[in-house]
Amino acid sequence: MAAETAADRAEGPDGDQEGSYGRRFARQLGLGTRGGMALVGLWLLALALAARQAAAVLRLPPDERLVDLLAWIGDNGVLRVRDSLYDGETPFTGTPLAGFVLKPLTRAAEQGLGVAWTFGTMLLVAAVGVVAARALPRPVSRRTALFAVPVALSLLALSVPVRNTFHLGQTSILPVLLVLVGWLMKGEGRQAGGALIGVAAALQPAVLLFAPLLWLTGRRPAALAAAGTFALCTLGTWVAMPDDSYAYWIHHIAGVGLGDPADATANQSLHGALLRAGLRGPFEAVLLVVLVAAVGWLALRRAVRYARDGQLLLAAAVAGCAAVAVSPTAWQHQQLWVLLAVVGRVGRRSGDRLVWPVFVVLVMSLDGDALVPKVSALTALGDNAVLLAALLAACAMPFLTRDSPYWDSPERSGLLSRPNLMLELLLIRVGYWAYSWVRGHAPDSRHLAEGHGDQILAVERFLHIDMEHALNHLAVRTGWLRDFSDFYYTTFHFLVPITLLGFLYARRPGRYREARTALSFATLLALIGFWLYPLAPPRLMPGLGYVDTAHGPQDPNNPDFGALTELSNQYAAMPSLHVGWSLWCAVVVWKLTRNHWLRALGALYPSLTCFVVMATANHYLLDAAGGVLVVAAGFGIQRVIQNRRPDAKPAAPASGGEVSGAASDPSPPGRPSSADRTEPARRD
């Protein structure tokens with residue numbers, strides 16, 4: 001302590017004092033300097049995401065924000081007029097109790113309700129994040145407790161249910177908060193907690209599934225309170241609004257058929273999935289009842305198990321995911337329960353622990369198209385991604401219990417171990433989606449891109465390396481060379497890197513980690529280049545005589561010129577990823593083998609690619625140089641990351657075979673003995 005005080009005094013006045021105060025603050029929280037900076041960064045991220053979400057709503061014109069709420073409480077909204085809530089062009093989709101509660105707000109609709117509603121929703125989301133973070137199973141380290149709240153708030157702000165709730169002005173956050181608070185109440189407050197769950201069920205009937213969960217976990221007074229409160233609220237609104245209550249509970253069978261068509265992809269319930277599969281009529285109804293019963297039974301059993309294990313938040317998430325699946329309609333703003341399932345721990349290895357949380361976060365933050373390739377056979381997976389995650393959480397995922405030996409001490413996944421295949425495929429798919437999105441949304445001003453093209457050509461002429469025109473016309477005059485270049489350009493760009501990655505994953509997992517990381521950073525740097533420096537390739541430079549050999553004539557004067565404009569941004573040319581990825585392949589092959597012929601073939605690949613991209617008029621020579629730079633930077637970043645890891649080890653030698661999982665474990669302390677050769681040391 002005295003040393004710390006002396007070090008603080010040595011910092012000196014003025015600017016250094018701020019850093020000293022920050023270090024003292026981090027030490028008081030039990031964090032190092034980096035930990036304190038990370039905590040501050042997470043809080044800033046959470047605040048920025050919340051501010052961005054509020055701004056996204058409030059910057060819209062008043063008649064375009066909170067569209068559902070405005071349709072209900074506007075001048076002609078169903079909450080203003082005296083007719084039924086469930087008639088008209090925009091019928092109310094909530095329960096009669098929700099309509100009864102919202103009716104008093106109609107007078108405030110013209111007095112800044114949009115602002116009040118937005119910030120009120122933000123407070124509810126923050127409350128859900130804080131409650132969920134505080135409900136993590138004990139014991140929780142101080143570091144985890146400090147980081148849990150900003151992480152939870154950030155994930156909530158990024159999730160589709162929260163974004164949808166902000167945009168539509170829905171009330172679906174409130175039932176989730178009421179259920180969480182009621183479920184987590186202890187001691188004498190349990191009966192009041194049951195009442196909160198009953199109120200939530202009166203607002204969103206599917207969460208009534210928590211009443212049997214309370215009963216099965218031994219909280220029978222709370223279960224009776226939940227059921228009684230639900231019945232009291234429902235009967236009370238029936239007395240106050242008999243016609244509307246009849247229309248909702250009887251005519252529409254608990255709201256089925258209200259709002260958008262039930263077979264819309266936004267409805268991620270079993271009923272919606274069956275309708276999208278083409279099932280109708282009595283068969284669909286019978287099958288739905290069977291599935292609902294099976295999912296409810298399995299989910300309740302699993303929720304009881306995790307509740308008795310002390311994982312109350314996970315138990316609530318399991319039951320909530322079941323409520324999403326069995327509800328007749330589960331629109332995007334009602335799917336927040338799936339995100340809460342991220343707290344479940346799955347897997348024996350430390351590397352496997354990331355698969356489930358990454359999958360859940362991606363499913364709840366992105367559209368199905370981002371998770372699944374655009375292949376007809378996989379369309380159903382993308383359309384039902386949230387339902388799939390809900391069913392996995394409710395019925396299938398083998399979440400660890402706290403008495404598992406792997407709960408706090410998973411088997412280590414070292415640098416030489418093989419990464420989890422599902423996680424790799426998921427990240428590759430999402431990475432490719434992000435790559436395509438950035439390419440498609442990068443600045444594509446023709447004037448700017450052609451101006452940059454003139455700059456590139458001017459530099460090349462100054463350096464006497466402007467060879468693109470000569471190579472392009474050589475290919476045009478030579479039929480076999482033109483055909484070869486076109487085939488090469490459209491075939492090898494993805495085929496060779498994917499094949500090489502597959503080989504590395506299967507035979508050289510240590511090298512795979514290095515190569516994948518380097519390729520990822522190189523591609524990220526290239527995307528930054530696409531965004532900052534849109535560049536017209538030679539084939540799109542008007543009046544210079546270049547010929548697009550691969551895709552046919554292009555008409556820049558037509559806003560939809562050429563067949564490729566529907567696929568990607570044609571001005572994403574600097575740097576050339578064709579050359580960059582081919583160079584990455586050459587480097588990997590060079591590291592993999594000592595065979596001179598294979599190394600020569602690997603070195604030939606980027607050289608030939610460089611010739612082809614210029615012969616087809618798709619890139620300049622300086623684009624190729626840019627590709628070389630981003631790949632070199634990618635390998636440099638990968639090396640820095642590897643050297644900073646405490647368990648960094650050299651990759652497997654080129655002549656070695658598959659590396660066993662034990663190779664990634666640290667050596668036991670002490671001097672090695674002959675016994676170490678026959679039996680590895682056991683780790684407790």
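1. Phe 492 has a relative accessible area of 25%, so this residue is classed as partly exposed. The model is a predicted one, and the values below should be read with that in mind.

2. Phe 492 has an aromatic partner in Tyr 488: the ring centres are 4.9 Å apart and the planes stand at 40°, a tilted arrangement. Both residues belong to helix α25, where a spacing of four residues puts them about one turn of the helix apart.

3. Tyr 488 counts as buried, because its relative accessibility is 7% and the cut-off for that class is under 20%. Phe 484, by contrast in class, is partly exposed, at a relative accessible area of 34%.

4. Across the whole structure, a search returns 13 aromatic pairs. In the pair formed by Phe 484 and Tyr 488, the centres lie 5.8 Å apart and the planes meet at 50°, so this pair is tilted. Planes under 30 degrees apart would count as stacked and those over 60 as edge-to-face. Phe 484 and Tyr 488 are about one helical turn apart, because four residues separate them in helix α25, which spans residues 479-507.

5. These pairs belong to a wider group. Ring pairs join Phe 484, Phe 487, Tyr 488, Phe 492 and Tyr 605 into a cluster.

6. Two arginines are placed over tryptophan rings. Arg 219 lies over the face of Trp 183, 4.1 Å from the ring centre. Arg 345 has its charged end over the ring of Trp 407, at 3.9 Å from the centre.

7. Trp 183 also appears in the largest nonpolar core, which holds 98 residues. Together with Phe 210, Trp 337, Trp 356 and Phe 399, Trp 183 is among the residues that touch the most other members of that core. Helix α16, residues 312-326, supplies the largest share of the core, with 11 residues.

8. Which residues does Phe 210 touch, not counting those up to four places away in sequence? The contacts of Phe 210 are Val 179, Ile 197, Ala 316, Ala 319, Gly 320 and Trp 337. Trp 337 is thus named twice here, as a contact of Phe 210 and as one of the core members with the most contacts to other members.

9. A separate core of 36 residues lies apart from the largest one. Its members include Leu 471, Cys 585, Val 588 and Val 612.

Key. Residues are numbered from 1 along each chain as its sequence is written. This is a predicted model: local features need pLDDT of at least 70, side-chain atom pairs count only at pLDDT 80 or more; totals for chains, interfaces and linings use all residues. Side-chain values use heavy atoms; hydrogens and water are left out. Rings of Phe, Tyr and Trp (its six-membered ring) pair if their centres lie within 6.5 Å; planes under 30 degrees apart count as stacked, over 60 as edge-to-face and the rest as tilted. Helices (H or I, at least four residues) and strands (E, at least two) are DSSP runs, numbered from the N terminus. Buried means under 20% relative accessible area, exposed over 50%, partly exposed in between (1.4 Å probe, protein chains only). A charge sits over a ring if NZ of Lys or CZ of Arg is within 6 Å of the ring centre and within 35 degrees of the ring normal. A nonpolar core is a set of buried Ala, Val, Leu, Ile, Met, Phe, Trp, Tyr and Cys residues joined through side-chain atoms within 4.5 Å. Contact means heavy atoms within 4.5 Å.
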